[in-house]
Amino acid sequence: MSSVTAPRTATGGPGLPQERRLVTAVPGPRSQELLARKTAAVPRGVGVAVPIAVVAAGGGVVVDADGNSLIDLGSGIAVTSVGNADPAVVAAVAAQAQAFTHTCFTIAAYEGYVEVAEALNRLTPGDHEKRTALFTSGAEAVENAVKIARRHTGRQAVVVFDHAYHGRTNLTLALTAKNQPYKSGFGPFAPEVYRVPMSYPFHDGLTGAEAAARAISQIEKQVGAEDTAALLIEPIQGEGGFVVPAEGFLPALAAWAREHDVVFIADEVQTGFARTGAMFASEHEGVVPDVVTTAKGIAGGLPLSAVTGRADVMDSPQVGGIGGTYGGNPVACAAALAAIDAFEHGGLIERARAIETIVLGALRTAQAQDPRIGDVRGRGAMLAMELVDPATGEPDSALTGRVVTYAAEHGVIALTAGTYGNVVRFLPPLSIDDALLTEGLGVVLEGLAAV
Ligand code: PLZ
């Protein structure tokens with residue numbers, strides 16, 4: 001049996017040299033060795049997008065077992081917003097792990113859970129009375145938000161949108177739009193889920209009001225307001241392609257939901273915690289959701305998720321109706337408290353806005369010279385370019401794949417997204433420095449020019 005000979009771990013965090021450094025081809029021999037073991041030990045369904053074996057990460061870089069240092073424009077899908085192995089998170093994790101690692105909150109309570117709940121009740125949009133329940137994954141948060149909305153309204157239907165992504169569990173697969181690779185062969189899916197058109201300005205050319213009227217008409221005709229428990233939407237769609245709805249779309253839907261006592265759930269799993277240049281993306285249009293789901297960035301890389309909402313909605317389920325063995329794990333809560341402190345007091349919202357200026361500027365300059373860049377969009381440090389065939393305007397997923405492969409081979413982690421697989425997305429950690437960010441973007445754009 002072979003093994004990776006490089007150290008399994010190294011000291012990461014912001015102290016790592018902040019540089020792009022390639023000492024072998026990517027993947028190098030040690031990464032290849034691990035990926036070969038992975039192929040033999042892990043089912044192929046668990047894919048790996050960037051073929052490296054990671055040993056350390058921090059600031060704006062990820063270091064592999066061959067000693068390559070890659071610029072991170074993905075943050076492990078919008079998770080390490082405070083930076084990977086952030087020192088405050090690491091210290092909080094170590095201290096909590098030494099005190100106790102688990103009780104199961106529904107068996108014996110502890111302060112960290114309550115503190116995270118208090119922080120989310122304070123930080124999520126709206127100053128009404130709120131409650132927060134903690135879980136482990138984003139999908140679990142979304143599942144529980146739906147359970148709570150159904151219990152509260154006594155209704156069953158859940159309305160979701162084209163291009164939506166809400167997770168991979170059975171209910172959340174029903175809520176997720178895209179068949180390949182997420183849903184194919186995994187049915188039957190949960191019933192009482194209805195999909196309506198999203199506002200997607202680059203594709204539909206509609207104003208927010210027009211797109212909302214289209215969605216609302218479909219809900220009223222096909223689902224019925226009086227049968228609808230919840231309207232569930234990502235304020236900026238993530239996996240679906242970083243789709244920013246036209247202005248006015250979200251407020252119109254929220255107003256309609258309020259009028260009909262439908263629970264408006266904002267899935268902020270990807271957009272939350274400073275990512276979009278606001279603490280939560282709903283804030284950009286002054287939307288106050290009844291319920292907000294969060295995960296990813298919340299705990300600096302530890303698994304934690306939350307459902308935060310109006311006290312009357314959240315208190316609807318019976319005692320014991322909401323729970324889970326690991327939900328609100330004390331180590332994850334300690335990490336979250338350190339991360340939330342950084343989001344609130346570490347200038348990270350401002351940092352996300354500065355990243356927006358740099359990235360949008362570079363992408364728009366490139367777009368002016370390259371008709372394959374059909375659209376450039378996003379907010380804060382959640383930005384994207386949509387690639388098309390200039391002759392037909394059709395999505396070009398093959399080109400998109402070649403661009404991110406080029407980027408990885410040249411030391412930059414960039415991710416794709418989109419229903420049509422033709423979106424390159426930029427989700428850098430907010431701890432990346434300007435020089436590295438600019439260099440990383442330059443490599444991606446160089447890749448676009450080269451392929
Ligand atoms: N809601 C808006 O973005 C997770 C999925 C990656 P979990 N997105 C990344 C993949 O290929 O599995 C996500 C999201 C939104 C819910 C989820 C689900 O969060 O923590 O992956 O369950």
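Q: Given that helices (H or I, at least four residues) and strands (E, at least two) are DSSP runs numbered from the N terminus, where is the place of Glu19?
A: Glu19 belongs to the segment before α1, the helix of residues 29-41. This is a predicted model, in which local features need pLDDT of at least 70 and side-chain atom pairs count only at pLDDT 80 or more, while totals for chains, interfaces and linings use all residues. Residues are numbered from 1 along each chain as its sequence is written, and side-chain values use heavy atoms, with hydrogens and water left out.

Q: Why does Glu19 count as partly exposed?
A: Its relative accessibility is 32%, and the term covers values between buried (under 20% relative accessible area) and exposed (over 50%), with a 1.4 Å probe and protein chains only, so Glu19 is partly exposed. Along the chain Glu19 and Gly411 are 392 residues apart, yet their C-alpha atoms are separated by 9.9 Å.

Q: What makes Ser199 buried and Glu247 exposed?
A: Ser199 has 0% relative accessibility and therefore counts as buried, whereas Glu247, at 70%, counts as exposed. Ser199 sits in the loop between β6 (193-196) and α8 (201-204), and Glu247 sits in the loop between β7 (228-233) and α10 (249-259). The C-alpha atoms of Glu247 and Ala230 are 22 Å apart, with their positions 17 residues apart along the chain.

Q: How do you know that the side chain of Ser199 makes a polar contact with the backbone nitrogen of Ala246?
A: The side chain of Ser199 reaches that backbone nitrogen at 2.8 Å. A polar contact is a pair of N or O atoms within 3.5 Å; within protein, one must be able to donate a hydrogen and the other to accept it, and residues adjacent in sequence count only if both atoms are side-chain atoms. The distance of 2.8 Å therefore meets the cut-off.

Q: Which residues surround the ligand most closely, and what makes a residue count as near?
A: A residue is near if one of its heavy atoms lies within 4 Å of the molecule, and 14 residues surround the ligand, the closest being Gly138, Ala139, Arg168, Asp267 and Gln270. By class, this shell has 4 nonpolar, 5 polar and 5 charged residues.

Q: How do you know that the ligand has polar contacts with Gly138, Arg168 and Lys296?
A: A polar backbone atom of Gly138 is 2.8 Å from an oxygen atom of the ligand, and a polar side-chain atom of Arg168 is 2.7 Å from a ligand oxygen atom. An N or O atom in the side chain of Lys296 lies 3.1 Å from a nitrogen atom of the ligand, so these three distances fall within the polar-contact limit. Taken alone, the ligand exposes 500 Å², of which the protein buries 81%.

Q: What is noted about phi at Lys296 and Ala274?
A: Most residues other than glycine have a negative phi. Lys296, in the loop between β9 and β10 (305-310), has a positive phi near 40°, and Ala274, in the loop between β8 (263-267) and β9 (291-294), has a positive phi of about 75°. Ala274 is buried because its relative accessible area is 0%.

Q: Why does Gly272 count as buried or exposed?
A: Gly272 is found in the loop between β8 and β9, and its 4% relative accessibility is why Gly272 counts as buried. From Gly272 to Gly126 the C-alpha to C-alpha distance is 15 Å, and the two are 146 residues apart in sequence.

Q: Which peptide bonds to Pro27 and Pro181 are cis, and what is their omega?
A: Most peptide bonds are trans. The bond from Val26 to Pro27 is cis, with omega near 0°, and the bond from Gln180 to Pro181 is cis, with omega near 0°. Pro27 lies in the segment before α1, whereas Pro181 lies in helix α7, residues 179-183.

Methods: Areas by Shrake-Rupley, 256 points an atom, 1.4 Å probe, with all protein chains shown as cover. Nonpolar A, V, L, I, M, F, W, Y, C, P; charged D, E, K, R; others polar.
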